[in-house]
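I set out to record what could be looked up in this predicted model. My entries concern surface, pockets, cavities and salt bridges.

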Amino acid sequence: MSQPQLEIQLVALVVAAACALPGVFLVLRRLAMLSDAISHAILPGIVVGFFLTDDLNAPLLIVAAAATGVLTVVLVELLNRTRLVKEDAAIGLVFPALFSLGVLLIARYADDVHLDTDAVLLGELAFAYLDRFEVAGLDLGPKALITGGVALLLNATFIALFYKELKLSTFDARLAATLGFAPTVLHYAQMTLVSVTAVVSFDAVGSVLVIALMIGPAATAYLLTDRLDRMLYLSVGIAVLGALLGYNLARVLDASIAGSMAACIGLVFGLTYLLAPERGLLAIWQRRRTQRWHFATKMLTIHLQQHEGEPEQDRECHVGHLQEHFRWQASFADRVVQQAQTNGFVQRQGDALHLTEAGRLLANEAVVNRR
């Protein structure tokens, strides 16, 4: 593996981990689309920062972009508080307006400057290793790797320092405010870090992959665990896995690296959504299927218990009568009876059904629970 290939993968891994950490809290707070809004709306901040410094590499661009990201959050919340529009509509109103403003500023005043809106959206990791970070003539590596590493360090440090406060404010903001944890301050601090992470990732991966890296791994991890600490670790691991798979897929297909990474993250989410042990579609289907049979077995035991010792017991406790009484199909009724026999709730003599002691206990428990 050549040095450029190694550096491209390192940039992808660092950026993926940096984006995945704040993404967990965005997903938990149901603010996933806010990452889309911020990643697009900070474009005018970059343009204004360039106008002030006349330098695309000036740190002020990051500051201006982060400030625009926070402004986006403020505007969305102000619109939402009016009760005239919902939060999703507020996001849909604010970020297109700010992003369009950035595009207009570029077209009108920076047409001859390399501020390419396509690059902002899509990025190009293949060229990330060419932009080097040098200090006193010493090459320290790709600039995207350094800035991404700083963003990762900032996010990890912030979460480590304020983990308890973040956990409480995420799940119960009112209790956090009552205990004096200032959830509003934490919220805006997080949004500032989201903005900083997005802008330092722009040049390498573009806003589309930033969104995918922030939301995809966190949403996937949420399907696998209910614990915040595990969700953070899983989110970073899934983001790194998606980055590695995406890079190798791009090499095989000779396609966009950022696009391949986003596709792989989507694929990992899709597989998890299907196969997750508790929240996956297959697990839900199996659970509902089991509940259906269990419920049918309970209904059978209750029915048999109600007619024990009655003159019409022979008819009511006949296998063929179940189809009429419960409106079950013959095949379904036979399977319910077989399952009840297998579990020791029912004994069958010809087509006549009789409860066992275990079946009577199940029927009594079902009746008590229904009351």
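**Entry 1. Nonpolar patch.** I looked up which element contributes most to the nonpolar patch, and found that helix 12 gives the largest share, six residues. The members I listed for this surface patch are Leu267, Phe269, Leu271, Tyr273, Leu274, Leu275, Leu281 and Leu282. Together they have about 720 Å² of accessible area. Two elements give two or more residues to the patch, namely helix 12 (257–275) and helix 13 (281–306). I then checked one member, Leu281, which lies in helix 13. Its relative accessibility is 41%, and I therefore entered Leu281 as partly exposed.

**Entry 2. Second largest pocket.** I next turned to the second largest pocket, in which about 680 Å³ of space lies. It is lined by 23 residues, and those closest to its centre are Leu31, Glu77, Glu87, Ala173 and His187. I asked which helix supplies the largest share of this lining. Helix 4 does, with five residues. At least two lining residues come from each of helix 4, helix 8 (163–171), helix 9 (173–178) and helix 10. Sorted by class, I noted 10 nonpolar, five polar and eight charged residues in the lining of this pocket.

**Entry 3. Glu77 and its partner.** Glu77, listed above among the residues closest to the centre of the second largest pocket, also forms a salt bridge with Arg81. I recorded 3.8 Å between the closest N and O atoms of this pair. Where do Arg81 and Glu77 lie relative to one another? Both are in helix 4 (residues 60–81), and because they are four residues apart, about one helical turn separates them. I also asked whether each partner is buried or exposed. Arg81 has 60% relative accessibility and so counts as exposed. Glu77 has a relative accessible area of 19%, under the 20% limit, and therefore counts as buried.

**Entry 4. Other salt bridges.** My count of salt bridges in the model is four. One of them joins the side chains of Glu357 and Arg360, at 3.1 Å from N to O. These two residues are three apart in helix 17 (residues 357–370), about one turn of the helix. Glu357 is exposed, at 57% relative accessibility, whereas Arg360 is partly exposed, at 26%. I noted another salt bridge between the side chains of Arg227 and Asp229, with an N to O distance of 3.1 Å. Here Arg227 is partly exposed, with 42% relative accessibility, and Asp229 is also partly exposed, with 25%.

**Entry 5. Enclosed space.** I finally asked how many cavities of 30 Å³ or more the model holds. The count comes to one. About 50 Å³ of space lies in the largest cavity. Its lining consists of Leu21, Pro22, Phe25, Asn155, Phe158, Ile159, Leu166, Gln190 and Leu193. I traced these to their elements: helix 1 (3–28), helix 7 (143–161) and helix 10 (183–222) each supply at least two residues of the lining. Helix 10 thus appears twice in my notes, since at least two lining residues of the second largest pocket come from helix 10 as well. By class, the lining of the largest cavity has seven nonpolar and two polar residues, and no charged residues. The lining of the second largest pocket, by contrast, includes eight charged residues.

Note on methods. Residues numbered from 1 in each chain as written. Predicted model: local features only at pLDDT ≥ 70, side-chain atom pairs only at ≥ 80, totals over all residues. Heavy atoms only, no water. 1 Å grid on protein atoms, 1.4 Å probe; cavity = no way out; pocket = protein on both sides within 12 Å on 5 of 7 lines; lining within 4 Å. Points joined across faces, edges and corners; volume = space filled by probe spheres on them. Nonpolar A, V, L, I, M, F, W, Y, C, P; charged D, E, K, R; others polar. Buried < 20%, exposed > 50% of the residue type's maximum accessible area, 1.4 Å probe, protein only. Patch = residues over 30% accessible without salt bridge, like charges linked within 9 Å, V, L, I, M, F, W, Y side chains within 5 Å. Areas by Shrake-Rupley, 256 points an atom, 1.4 Å probe, with all protein chains shown as cover.
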